[in-house]
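Okay, thanks everyone, I'll keep this short. Let me put the structure up and we'll walk through a couple of bits of it.

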Amino acid sequence: WLMVPFLWLGVEPLLAGKLAMLISGAVFFHGSLFLVRSVGLRSIDELIVAWVLALTIPGWMSNHVTPDLLVAGLMAFALGQAVSRDWLANRRRSIGTGATWGLAYLAKAVALPVGVVVSVLLALCWRLGQAENRLAAWRQLGVALGLLALVVAPWITVLSLKYDKPTFSTSGPIAHAIVGPGNDRPAPHPFGSTIYQPEPGRVTAWEDPSRMDYDYWSPFASVENFSHQLTLIGRNAKTVFQFLASFDGIGVFLGWFGVGTLVFGLALFAKRPWAKNWLANRWRWMVIPLICLGGIYLPVYVMPVDLRYFYLFLPLVMILTFGLVSPFFANKRQTGLVWMLVFLLPLLWHLPSRYPAGLFAQNLAKRMEKAGMVGPIVGSTFVSAEGHRLGLYVAWYLGQPWYGDVRPASLEAYKNSGARFTIAYIDSPLAKKLDADPAFKNVTVALGDQDRFQVYDILPGQP
């Protein structure tokens with residue numbers, strides 16, 4: 001959504017994506033600080049969080065062009081409204097809560113179920129913590145959920161009409177399908193492991209993969225399926241638990257336990273009477289979104305590389321940390337500096353991404369366009385096990401469709417794909433097979449300077 005205005009103004013798609021990520025980073029930064037203020041932490045705590053975020057967010061912005069940073073920022077704003085001191089008495093707070101959760105859903109669909117459950121549980125905290133205002137808590141919750149429904153209804157209606165059934169997202173069923181029985185790891189998505197022709201105007205079917213051939217399954221269809229689902233939930237729970245330790249230096253060093261893990265456990269405890277004291281500290285309520293955001297991914301799949309799904313964990317864990325330690329070190333700035341360094345240490349371990357496929361693809365696409373070699377592309381043999389990344393990226397830079405790939409590479413499938421070009425790594429087994437087949441003509445020399453890749457023109461009608 002954020003890219004659309006820039007595209008209308010004629011901005012190149014790649015730059016539009018970077019600008020969208022810049023806006024997303026700003027939303028996450030300010031949303032996180034708003035949440036810190038809303039739970040009632042000190043100004044020095046907010047300052048430390050600001051420094052950590054200011055040094056961490058740029059790396060996240062440059063690693064991906066995805067909605068994860070934006071949705072985390074909008075979730076932080078929604079949570080900040082919901083835990084503000086005047087939430088029970090201020091109608092604008094409930095309106096802001098519902099509206100912001102709705103915007104978060106428009107950024108990424110996972111925010112809808114998370115927003116509904118978190119809103120109900122936080123309202124319950126208000127209800128139990130201030131029994132004299134129990135009607136106000138439910139009234140504010142009703143307003144929040146009503147605004148949420150109002151914001152999301154148009155898009156859900158559009159999706160439901162498109163797919164001929166009630167639909168708020170297609171990504172969830174797909175994420176569940178690829179980890180069905182028999183798949184210890186997620187199965188390859190059909191868009192990168194089959195030959196096909198995307199719909200007109202699309203670069204790839206990944207733009208809307210819901211129509212592709214996924215093996216959907218139900219955990220209730222058999223005892224074996226149910227057992228597999230429980231195993232999957234248990235495995236994902238371990239991964240999410242490890243993500244709690246991914247935002248501080250101790251956790252990154254140990255790999256499974258860190259400050260985040262510790263404060264999550266400690267925040268569940270309080271002095272007697274437990275309920276009264278726990279509910280009195282609104283910063284403790286941050287365990288609720290931690291649990292809900294982590295729990296929503298348990299039935300599908302979570303891999304150790306999926307840290308971007310849990311960007312919101314960083315401000316939540318820092319809030320729990322400062323909520324626990326501030327009463328003991330209220331006037332010691334040196335202690336605050338130590339905690340800031342603890343949360344900045346992961347920057348030393350996580351080196352900047354040096355993923356070269358995009359740069360190679362951009363260079364190759366420029367030379368192909370200059371040589372007049374523009375057309376649909378099939379296959380690739382670089383970077384991923386599926387062998388699709390380079391071909392996909394070159395097609396995107398050329399504004400052409402990408403017709404997929406198969407594993408192992410099949411010359412016969414390439415011939416019948418309808419694509420005009422395929423790409424092979426120089427001197428690779430595939431390149432040698434392409435050189436020996438008269439249906440593929442090596443046109444790399446027309447590109448000028450030799451590169452590590454060979455471009456082949458697919459000649460129709462050849463045996």
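Before anything else, when I say two helices meet, I'm talking about contact, meaning heavy atoms within 4.5 Å. And keep in mind that this is a predicted model.

So, start with helix 2, residues 13–38, and helix 3, residues 43–63: their axes come within 10 Å and cross at roughly 160°. Anything over 145 counts as roughly antiparallel, and therefore that's what we call helix 2 and helix 3 relative to each other. As for handedness, helix 2 passes helix 3 in a right-handed crossing.

Who's touching whom? On the helix 2 side you've got, among them, Leu-22, Gly-25, Phe-28, Phe-29 and Arg-37, and they meet a set in helix 3 including Glu-46, Leu-53, Ile-57 and Trp-60. Sort the residues of that contact by type and you get 13 nonpolar, 3 polar and 3 charged.

Now let's jump to the sheet. There are 4 strands in an open sheet, order 1-2-4-3, and the pairing is mixed. Strand 1, 377–378, and strand 3, 440–442, are at the edges with a single partner strand each, so each has one side with no neighbour in the sheet.

Further in, strand 2, residues 421–425, pairs with strand 4, residues 453–458, in the antiparallel sense, over 5 bridges. If you want one to click on, Ile-423 has Val-455 in strand 4 as its bridge partner.

Helix 18, residues 357–370, packs on this sheet, where it touches strand 2 and strand 4, and its direction makes about 45° with that of strand 4. Then there's helix 21, residues 429–436, lying across strand 2, strand 3 and strand 4, at about 135° to strand 2.

That's me done.

Technical notes
Residues numbered from 1 in each chain as written. Predicted model: local features only at pLDDT ≥ 70, side-chain atom pairs only at ≥ 80, totals over all residues. Heavy atoms only, no water. Axes fitted to C-alpha atoms, helices over the stretch in contact; angles between N-to-C directions. Helix = DSSP H or I, 4+ residues; strand = E, 2+ residues; numbered from the N terminus. Parallel < 35°, antiparallel > 145°, perpendicular 65-115°, else oblique. Left-handed = near helix turned anticlockwise from the far one by under 90°. Nonpolar A, V, L, I, M, F, W, Y, C, P; charged D, E, K, R; others polar. Pairing = 2+ DSSP bridges.
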